[in-house]
Amino acid sequence: MVMILIEGTFSILNAAPDGDSVRFIPNDPSLWKKLETKVHPNKSGGVQLRLDSIDTLETHYRPNVGAIGIQHQPKKFADAASARLLDILGFDSSTVERGKAEKVKKAVPDRVPGYIMTRFADVYGRAVAFACKGKSDKPDGEPIFVDKALIRQTANYQLLAEGLAYPTFYSKQYVDLRRELTAAVTKARSKKLGIWTEDATNTGFNLASLKTITDEVEILPKLFRRLLSYLAINDDSVELDGFAEFLEANKDRILILSEGRMTGFDNVVEIDGQTLKLTEKPENLVFFEK
């Protein structure tokens, strides 16, 4: 479980951090070259992070197709996850003022020291990382062994443990770390913490309007994003008649852990008229990177 440790600064001014994404500026931008796949840095060497293994309710999401505009999931836990991530990393979320599209206009402080552990970037050039506050006692830029004790110190783990994030695992994740993160999810769900008091991913819900998923029901963000993209191309209709075919065409490949079976995401989404649900718990799925 070896990853590259990179020290630097988390920066939020003029950015739009949410519960699972934040900007990170390394002390030494040349360290990005050590990753297996390329990041897309800005002029300061800063990169948007995608926090590994977690997915929080969307605070501002725009589908790549259609004209549905920027949308969000129910604000209660979407905003709670966003604020909690900032607090975990050392910001004071109570001082954060946001403007259009959730962009931060003011925060005290607006930068804090921290470090990440990462191996690669996603297809959008975001470093897929575990994030920690403060300064590490390990050498900057060196490979480090990430064990269970270290993973518990990360913001990723803490958000899962507090019930503010969904587990969303990908095939490049180490098995031991995935199991540790799953244990945190299981405990949070059993205690009905955060999202687990209202989650409708597996119990199902009736899609009556766009407001159903933006303001009323909490579901796995990946399912929300796929559903929103489908609605965006359907001329204000919320009929689900073609959603199964839409999912199949999207070709999200998954592994169902309990069965050891590879299939498509469309095969774990059950649609009955306007009722929709996921037939497997999120932590029982592993997605394959595109």
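Begin by selecting strand E13, residues 253-256, in this predicted model, and show its side chains: Ile254 and Ile256 point to one face and are buried, while Arg253 and Leu255 point to the other face and are not buried. This is the pattern to keep in mind here, since in a regular strand the side chains alternate between the two faces of the sheet.

With E13 still selected, add strand E14, residues 261-264, which runs antiparallel to E13 and is joined to it by four bridges. Across this pairing, Leu255 stands opposite Met262 of E14. The hairpin that these two strands make has four residues between the strands, and in that hairpin Gly260 takes a positive phi near 60°.

Next, add strand E17, residues 285-287, which pairs with E13 in the antiparallel sense over three bridges. Here the residue to label is Ile256, which stands opposite Leu285 of E17; Ile256 is also one of the buried residues of E13.

Now clear the selection and choose strands E12, E16 and E15, which form an open sheet in that order with antiparallel pairing. E12 and E15 (269-272) stand at the edges with a single partner strand each, so one side of each is left without a neighbour in the sheet. Looking at E15 and E16 (residues 275-278) together, one finds four bridges joining the antiparallel pair, with Ile271 opposite Leu276 of E16.

From E12 (205-206), go back along the chain through the loop that separates this strand from helix H4, where Lys191 has its place. Is Lys191 buried or exposed? Its relative accessible area is 55%, so Lys191 counts as exposed, the cut-off being over 50%. A distance drawn from the C-alpha of Lys191 to that of Gly163 comes to 9.0 Å, although the two residues are 28 apart in sequence. Lys192, just after H4, is worth selecting for its backbone, as this residue takes a positive phi of about 55°.

Helix H4 itself covers residues 175-190, and its end C-alpha atoms are 22 Å apart; this agrees with the 22 Å that 16 residues should span at 1.5 Å a residue. Colouring its buried residues picks out Leu177, Arg178, Glu180, Leu181, Thr182, Ala184, Val185, Ala188 and Arg189. In judging how they are spaced, recall that an α-helix has 3.6 residues a turn, so residues three or four places apart point the same way.

The tour then turns to the pockets. For the largest pocket, with a volume of about 1,200 Å³, select Tyr61, Asp122, Tyr124, Arg126 and Arg225, which lie nearest its centre among the 38 residues that line it. Strands E3 (47-51), E4 (54-55) and E7 (111-121), together with helices H6 (221-232) and H7 (243-250), each supply at least two residues of this lining, and the largest share, four residues, comes from H6. By class, the lining of the largest pocket divides into 14 nonpolar, nine polar and 15 charged residues.

Finish at the second largest pocket, which holds about 220 Å³ of space. Residues to select from its lining include Leu5, Tyr115, Lys135, Asp137, Phe145 and Gln153. Strand E9 (143-145) and helix H2 (148-151) are the elements that give two or more residues to this lining. Its residues fall into six nonpolar, two polar and four charged.

Terms used: Residues numbered from 1 in each chain as written. Predicted model: local features only at pLDDT ≥ 70, side-chain atom pairs only at ≥ 80, totals over all residues. Heavy atoms only, no water. Expected span 1.5 Å × (residues − 1). Buried < 20%, exposed > 50% of the residue type's maximum accessible area, 1.4 Å probe, protein only. Pairing = 2+ DSSP bridges. 1 Å grid on protein atoms, 1.4 Å probe; cavity = no way out; pocket = protein on both sides within 12 Å on 5 of 7 lines; lining within 4 Å. Points joined across faces, edges and corners; volume = space filled by probe spheres on them. Nonpolar A, V, L, I, M, F, W, Y, C, P; charged D, E, K, R; others polar.
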